[in-house]
Each structure stands twice: as C-alpha cells, then as structure tokens.
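Trainee: I'm new to this one. Could you put it up and walk me through some parts of it?

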Amino acid sequence: MKLEKTAEAFVEELLGKMTLEEKIGQMNQASVSLVGGFDVPFEELIEMVTDGRVSQEKFEELMRTSERDYHEDDIRAGLVGSVMCQDPEKVNELQHIAVEETRLGIPLLIGLDVIHGFRSIYPIALAEACAFDENLFERTARMATKESRAKGVNWHFAPMLDVARDARWGRVSEGPGEDPYLGSLFARAKVRGLQNDRSCTDNYVAACLKHYVAYGACEAGRDYNTTTMSPSILRNVYLPSFKAAVDEGAMTVMASFNDLNGVPCTVNQYTLRQILKGEYQFDGLVVSDANAIRECVIHGIAADNADAGRQAAIAGLDIDMGTNIYRNHLADSVREGLVDESVIDDAVRRILRVKKWLGLFEHPYVPEELMHRYDTLPAEHVELAREAAEKSIVLLKNDDHVLPLKKDTKIALVGALADMPEEVVGSWALSWQPEDCVSLKMGLENKKANFEYFRCAGPEGDYNEDEVAQAIAYGEVIVALVGETTAMSGEAASRADITIPGQQRRLLEALQASGKPVVVLLQNGRPLALDWEKEHCPTLVETWHLGIQMGNAVANVLFGEKVPEGKLSVTMPLMTGQCPVYYNHPNTGRPGTRGKFTSRYLDAGHEIAFVFGHGLSYTTFEYHDLQVKDCGDKFEVSVSLKNTGDCKATETVQMYLQDVTASLVRPVKELKGFQKVTLSAGQRTKVMLELDKTQMGFYNNSEEYVREDGLFRIYVGGSSGDCLCEEITVQF
C-alpha cells in the first residue's frame, strides 16, 4: 500500500495533533459485549454451552433477552479505533459519534469475519481452491465486498491463508489447502477482489491476511496448539502465500494465536518486525486475533497483562482486539520508558493510513439507499454462488459409470444432511439467511427429479433400519449424502477421528450390500479418512460445504448439466493416523513401500486415499508428448492433451517440479503452474506452460534463497500422482 504524498501528509499532520491517549485509543479494538439476560461473563457462558451446562435453546433465549454494548462512551472519549458490527444503522450511529463528537473526528474501522461470503455464501475456501480458478476466487471476493460494505463493514478478516497439512485441524476448512503455490495464487486473487475496485468506496474493503504465521502447522492438528519448524520450512511452505498477498497490496494482517518455536506470534518480533514490516516492507497495520495479547500471559511468555501489551507493541502488533490491554497499560509503559513513543506513532500512522485509503475521512457513513440493496439477493450473485459451487465439486470415483444420471432415473435420496439447508454454509459463515440456502433435496425438487427422500441416518442421531429398507426397495439408484455438520469443522473443531461421523458408515454398508448402484456424496469441511469408502464405494463425489447454492450445484452435476472439473486442493488420507499427510513431502532415506523397513505403517501401509490434484470428469483425457525447451530465463513446457471421451469438459493441466539433488532435502514434487483447458469430445490441443527459473530455488536454513545447478524433473499431468516426466540438467 502506497498513499499519495498528499494523503501521507494528511496522516502525518493528524498524527501530530494527537495526545498519547488518543493514539492508544486508535490501537484499541473494542469487542461488542453482551449485557443483561445472564449473570456470568460471556466467555464463561460459551463454556457452559459447550460442556452442556446450558442447552442451546436456553442460550438462544438468553441471547434474545440481552443487549449489545458498543462502548459508545469510550468511542466518544477517543478510546476506540475499531469495532465489529454488521448493522448499517448502528455503524452510522457509531461513526457519527467518532466523527462528530470527538476532538479529532477520526472515523472507525468496522471489521467482520467474512471468510467465504457475506449474504451470498459461496464454498468454503478449501472447496473453492479445488476450482483452480483465480478469476473465480477474485469474483467471489468482490461479491462479498459489495454485500458487506452495504452493511457498513469496511474491513474483512480474510483471506485465511494458512497452509494446512493435517486434516484433524478444524480450520483446514477456512484456507486454500496444503500447497504454497496454489495458496499464493488464491491469496493474490482474494486481495484483488477485496481491494482493487476503487471506482467507489462502496466497492472495496481492507483485506486482512490471517493467521500470520504457521497456525496451520499446530501440533497434532489441535487448534491453538504450539508450532515448531525450521527456517527453511517456514520460508518455503508457510510464508509464501502471505508474501504474495503483501506484494498484491494487502492492507492489513492478523497475527496468529500460536507460538512459533516458543514465541507467540502476537509478540514475535522476528515474524512481525523483521520479516513482515522489514523484509516484506509491509506498511499496513497488524491486528491481534481475539484476546491474543492476554493469552500471552497464559502462554507463559509475559508476566502480566502490562508486560504482554509492552511486548506486543514492541514486536509490531498495532491493534489489540478485545482485551483493552493497550488502553489500560500502554500509556504507563511509555511514561515509564518501557516503550518508546515512536513505536506508538508507527502503529497509529499505519492505522490512519488504512482509514485514509478506505476513504473513511471523506465517506464515513453508509448511504441510506445502499443499506438494503442486498436484502434480496441479485440474480447475478446467486448465479456466481452456484458457479463457484459447481466448480468446487470433485469427482473422486466413478468406477461403474453410474454418473451422470438420466433425468428419469428413480432415485432414493438418503441421509439427514440432504434435508438440512442450514448445513450447506460451512464454518465461519455469519450473515446468511435461511431462505437463501438450498439443500440437496431442494435442488432435486428444483430439477423436478424422480425421487423420494429417506432420512435414514446423519452425522448425529439414530439409525433407522426401516427407512433404510424402504430406500433400498424404492430406488433404481440410491444417492446418499453423508459427512459432517457445519459445527464439526472450523475453529475449535479439531477431531481426533476424521472418519465419517455418527452411524453414516453403517448406512453406507447397508446400501452397498443391497447390490443397487449407490452414489456417495460427501458434505464436509475437511478431508475425511476414507479407507472403507474408497474400497467399497464405486461412485464417490466430494461436495464439501458449498454454500447457499449447494443443492442446485450438486443436482446439476448429478444429471450431467455440469461436468465436474474440481481437483483436490488437499490430500485425502485412508486413516486418521496417517495425518499429517501431504503430497509435497521430502523423501526419507527409506521411502514408503510394501517392504518392512520403509517409512510406512504396519496397519495402513504407505498408500493414501486420493492425491492432491486428483479429480475425474465425465470424459477422459490423454496426455502425451511432454517437451521442455530452455528459453534463457524460463523453460517452455508443452504437452499434448486430448479429450478421449464423448462430452465437452474442462481439465486442469498441472505442472510439478522436483529438484533431485540439493543441499537440503527437497519435496518429491512441488506445484509450479497449471492451466485450465476446455476441449470438445475428441478434440486435441497443445498446452503451453512456463516455468520461470526464479521458481526453481528454495530457502535454506540460513534463510537465503538459493538456486543450485543440477538435475531436475518436470512433471505434467492431471494430478500430482499421474504425470508424464521429463528430466533436465540446469546451470543457473
């Protein structure tokens, strides 16, 4: 982010007028608290709901009787710089206080978690990444921006860019998967979609990159847990997507909860000051995650709240989300000489810069005519949500060629999730409306399909043998939707067992034993362990949590109106105990084979369920004639691709690189490029890809980016596990 000189002068002039207390007020994000209706702190109430002391029904009743405290008096006193809100009338009221009733009239940042859509919920990021479509990533972000800005939100706590290699971690759902290259393209596209349409202040927000950094490597896949890694792993795997988004102009960054090699990222000078603000020259603001400064005391790196606040400010954390620690202690730390006021000035300068860039000084209020623009969803938003959902679906198996179904097929639709429209949205979807959500049952109804619905079983609850028998008797083909509820993935939703929950596998066993064709659809927020399903289910489709148009999108794919084109953005394990599992792993000296003394499990072998990049179509594609040409600063890579089936379809041609011998053990494959190609039945084309030689290096443990002469392998194919290969010797 670079402001014009006049804007920078405005920021400097305003900063020069501020008292120390006013500066620290800008560094304070007030958490909207709930008052009335209950007699315990809200955090304790949440714990009581979680452990069952308070029922969900009672909790909802308490929420209805409570009031929200937006800290209006603190705003009026200049002690608050940002809040979270999505009520445009309340936003205008708060902005009026900040602009009209404070000494300096500095408007508020209004933030919200808008992870995969605002009102128009599109697929979770893990699913959307399966589209391998940068243009789609950008368009869905732009749609969310327009909808949220109409409600006063000018700051998205998104995109989530954590590389995630362990499917036990619930928050794998929120990010683009396990690959740094795909994650980097996703990062850039999301920043463009959120920030680049500056034709009007209603069309852009400030992106917030989270969670910085290495949160996706939490030990054992347990949320909030410790992370430990070498500098080379940090640089080569976990930092690239953040670097890409900063280079694209991202305005803000959120520090993660976890400690990294013993230092919580909230107070980590190495990651915040040295890398982000120094090496990457990031001049936007950094915000903590919720309550994270206070948690540094619990981590054991700070003696008390004042010490935690001092460390965070010095480390480069500009905004305290929700603890009031900066507000309560930072001024004393400055007066006592523990924190230099230049640290405060740097933080506030960054905050004012973002507010100026957003146009808040000129346009702080939501125009009345904008407030209700998206109360009824525009047709183009619904259409985009459906397109994103369709492109995110991955056909894992179609061994018996049951799919696509004929329109008059007599279908038994099975599974509780098929009639639960509220479960299509996935985790961290906050602003959707029930009337927008389309379940699979509704999608089949919209298609006027020939079907009957049988609940039978779900992720929770009982197994109904009578309904199972009725479904088997009724259908020529059985379509079974199984998987997870929204609450089973996302934050604080790590699972030690990632097999299909409840009695749904029992349901599949009974259906498969019937001898009738069974189409198994997976609706989930993480890769599931699919040992039994892979072996016993000839037709298997990954549909994820696809957002509000889930039912229509899946129905279109089932009947062949949309040919599946998704490719897995993550590796799918056979068993939970294989986690973490990922395609771009280094080789050991004894790579996994069927042999005894190799890197394998006695009870699981070395195979996985489905590799990164895997995804079938209703046609087949043939690759041949891989050629690599040295063009000086890059390699031109070409391959012949033919649609050998009988329908038009889109294939994602993927290019991988292996550095065969290096000074550090390198991954067996790394994605370095891809291209989506649409071919008619029988059509052949030459696909051209480019490999820039700057992409052929890596960071060593001295944190130097090096390129080393030697033997490389270039792979091109339809997945990371099915490629043609060409060896080249390179001298840089």
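**Thr252 and onwards**

Mentor: Thr252 counts as buried because its relative accessibility is 0%; buried means under 20% relative accessible area, exposed over 50% and partly exposed in between, with a 1.4 Å probe and protein chains only. This is a predicted model, where local features need pLDDT of at least 70, side-chain atom pairs count only at pLDDT 80 or more, and totals for chains, interfaces and linings use all residues. Residues are numbered from 1 along each chain as its sequence is written, and side-chain values use heavy atoms, with hydrogens and water left out.

Trainee: Which strand is Thr252 in?

Mentor: Strand β8, residues 252-255. Helices (H or I, at least four residues) and strands (E, at least two) are DSSP runs, numbered from the N terminus.

Trainee: And what does the side chain of Thr252 make a polar contact with?

Mentor: The side chain of Trp155, at 2.9 Å. A polar atom of the Thr252 side chain also lies 2.7 Å from the backbone oxygen of Ala207. A polar contact is a pair of N or O atoms within 3.5 Å; within protein, one must be able to donate a hydrogen and the other to accept it, and residues adjacent in sequence count only if both atoms are side-chain atoms.

Trainee: Moving on, where is Ser439?

Mentor: Ser439 sits in the loop between β14 (411-414) and α19 (440-446). At 1% relative accessibility, Ser439 is counted as buried. A polar atom of its side chain is 3.4 Å from the backbone oxygen of Ala418.

Trainee: What does Ser439 touch, not counting residues up to four places away in sequence?

Mentor: Ala418, Asp419, Met420, Pro421, Val424 and Gly551. Contact means heavy atoms within 4.5 Å.

Trainee: Now Leu396: buried or exposed?

Mentor: Buried, because its relative accessibility is 2%. Leu396 belongs to strand β13 (residues 394-398). Beyond four places in sequence, its contacts include Leu522, Phe610 and His614.

Trainee: How many residues apart in sequence are Leu396 and His614?

Mentor: They are 218 residues apart in sequence, with 7.3 Å from C-alpha to C-alpha.

Trainee: New topic, empty space. How many cavities of 30 Å³ or more are there?

Mentor: Five. On a 1 Å grid over the protein atoms alone, a cavity is a set of points where a 1.4 Å probe fits but cannot get out, while a pocket is an open set with protein on both sides within 12 Å along at least five of seven lines; lining residues have an atom within 4 Å of a point. The largest cavity has a volume of about 110 Å³, a volume being the space filled by probe spheres set on the points, which are joined across faces, edges and corners.

Trainee: Which residues are closest to the centre of the largest cavity?

Mentor: Ile115, Tyr122, Ala158, Pro159 and Lys190, out of 16 that line it. Helix α9 gives the largest share of that lining, three residues.

Trainee: And the second largest pocket, how much space lies in it?

Mentor: About 1,100 Å³. Of its 49 lining residues, Pro180, Arg235, Asn236, Val237 and Pro240 are the closest to its centre. Helix α10 supplies the largest share of the lining, six residues.

Trainee: α11 supplies some of that lining too. Which residues of α11 are buried?

Mentor: Ser241, Phe242, Ala244, Ala245 and Val246. These buried residues pack against α9, β7 (208-212), α10 and α12 (269-279).
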